[in-house]
Amino acid sequence: MVKTVVSVDLPVDEKLTIKKNSITGTGGAPSKPASLPNTAKRFSLVTGIHGDELEGQAVCYEVQRRIAAQPQNFCGTIDIYPSLNPLGMDCITRGIPAFDLDMNRTFPGDDDGTMTEYIASKILEDIKGSDFALDIHASSVFVREVPQVRIPPQFKESTFDYAKCLNMDFVWIQRNASVQENSLVYTLNQSGTPCAVIDIGIGMNCNPSHTSQLTEGIFCLLKKLGMWNGETITPRNPICCDDPERIVEISAQHAGFFMRKALCGQRVEQGQTLGLIIDPLEGKIIEEVVSPAKGFLFTLREYPILETGSTLGRILK
Amino acid sequence: MNEISIIDTPAFYRDNFRVRGYTFGSGKKSVCIVGPMRGNEFQQQFIAARLVSRLEQIEQAGELQEGYQILVIPSVNPYSFNTKKRFWSINNNDINRAFPGNAEGNTTKRIANQIMQATSEYEFGIHLCSFYMSGTFMPHIKIFKSEMDYIEEAKKFKMQYVQIRTPRPFEKTTLNYNWQAKNGVKAFSLYSSATDYIDRTSAHTVQRAILLFLKSLNIIKTDIPGGYESVILNSQEDIIPIRASASGFFEPKVKVGFEVSAGDTLAEIHDPYNDKIVEEIKSPADGTIFYQYSDPLVYSHSTVFNLVLKK
């Protein structure tokens, strides 16, 4: 059943409405029998905080399609929130249009606060109490990410086992701002609702293989939560990192145009060429970018125009 | 006056990204003043430029005390000014959310790091900054609550108000917070009444406040007339937000600085299709208008006024 999470009037004849689809299953039984102890479980699938991150859209569709095809195997409630920032998605804008704010820095919000704080507060109130919440992001348009789960270190204990079964390639106990204070994942965990972030692919894109990989992982998670009795795959055994010293950031030392010579997700050797920074004006190579370490290249530059300092990649040593 | 290069980074498709500074006097690094980080902070850039000009006059007149150095960085973000973008032109990052920065990080973090490096040894840091929402303010100083206690020094600007605030999580990536937290710099954020247009009266108030501060520290000899006995405002207790319940055209009936009584009509919100009044915003208490929203269209729940409560 499609429900309104929060709706506010915009100035000129339009409402900003955030919706969810709430699907309840009873494992094939006509009602909720006591013999199915897990019917009360709730899983929230959340995406679209950043308006340019689209990988979660097809996942929302595919999860519902599979549940609809096998309703006898689903019990509990799944709440699907395809777009927490519908204006941003409509305007192809990462932040909240008109406010120029990153929505993932507005949580927990404030019921008596500004429009963005009010919306954040209502979203949080609605998701809170789920047995697990998954916040699906894509990368920005600048770098490509291997399919990965990110969790804040403070909440590793309550989320790590779930994160490992999501069929992702990498689980990163991450200390940077994307999972820190004012983010949805941090705030949900802080309020007692276990939550993890998916970061996958690249902005403004939706890759069918990512959809499939993550959907399989979500059904593994539902099975672990006791909400899915159908077939599932054996999830990938992800590489895990809880040590910031193992992460090597690679930045452009020169401005120019980047030509990739490696693939995101591959293992690289120290000294291996990852790409060239070229000068299209004079036809010269400005810089050969070589790997500073041996390891797993889990982030790689996609958008080719570089400033000095632009992120080129990340390696897990 | 000496011009120094703080950042000079080659770009590929446009001219180098340059941040310049101007130093006055030599000796103890006393006060640094940092101008705009966002491309719409015209008023802040104007104030910085006026300050450079005034300090040059003071130095040439021999009215700068020996043994002190002042640094003014008139702009941290000329790129965004030139392309009429508010934030960093390629990725929309806000430089004032990138502190303390990182020498090996992305571009905005590198800029933040270089600003921190250039200013870390100064005893006092002044950032000419703007509010994230459009609107007009009573010119004031903001300082973050910390273990450092320098409220008495804030009063030396002789601005009408000194606002003291506990930093919110996202404010821990601002220049002001990191000046204090990382380098022990006594940091002040100076708010003018305007941002994306030039208000000469308010610019003068802020420029005068900085000169009064320099005079009180005995860094300049020049007599600077005027100033106020500052009122200390604790954000959580002395200032209340007044919000719109409806969306529509915003028609204020008061101005910043007005004294109002409980029940006074402060603004109307009109339906943008038929001009009917959809909300009358009344003052909930006696006080002075400290901030006023200024866009023609207002969104429901927006803060349209901040009121300094009458004591």
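**Exercises on the interface of chains A and B and on A:Asn85**

Across the interface of chain A and chain B, 9 residue pairs are in polar contact, both residues at pLDDT 80 or more (N or O atoms within 3.5 Å; within protein, one must be able to donate a hydrogen and the other to accept it, and residues adjacent in sequence count only if both atoms are side-chain atoms). The model is predicted: local features need pLDDT of at least 70 and side-chain atom pairs 80 or more, whereas totals for chains, interfaces and linings use all residues. Residues are numbered from 1 along each chain, chains are lettered from A in the order written, and side-chain values use heavy atoms, without hydrogens and water.

**Exercise 1.** Describe the area that chain A and chain B bury between them.

*Solution.*
1. The two chains bury about 2,700 Å², 59% of it on carbon and sulfur atoms (accessible area, 1.4 Å probe, lost on being put together and summed over both parts).
2. Of the area that chain A buries against chain B, A:Pro11, A:Asp100 and A:Glu307 supply 22%, more than any other three residues.

**Exercise 2.** Determine whether A:Asn85 is buried or exposed, and identify its side-chain polar partners.

*Solution.*
1. A:Asn85 lies in the loop between strand 4 (75-81) and helix 2 (86-91) of chain A (DSSP runs numbered from the N terminus: helices H or I, at least four residues; strands E, at least two).
2. Its relative accessibility is 2%, so A:Asn85 counts as buried (under 20%; exposed is over 50%, partly exposed in between; 1.4 Å probe, protein chains only).
3. A polar atom of the A:Asn85 side chain lies 3.0 Å from the backbone nitrogen of A:Gly88 and one lies 2.9 Å from the backbone oxygen of A:Gly95.
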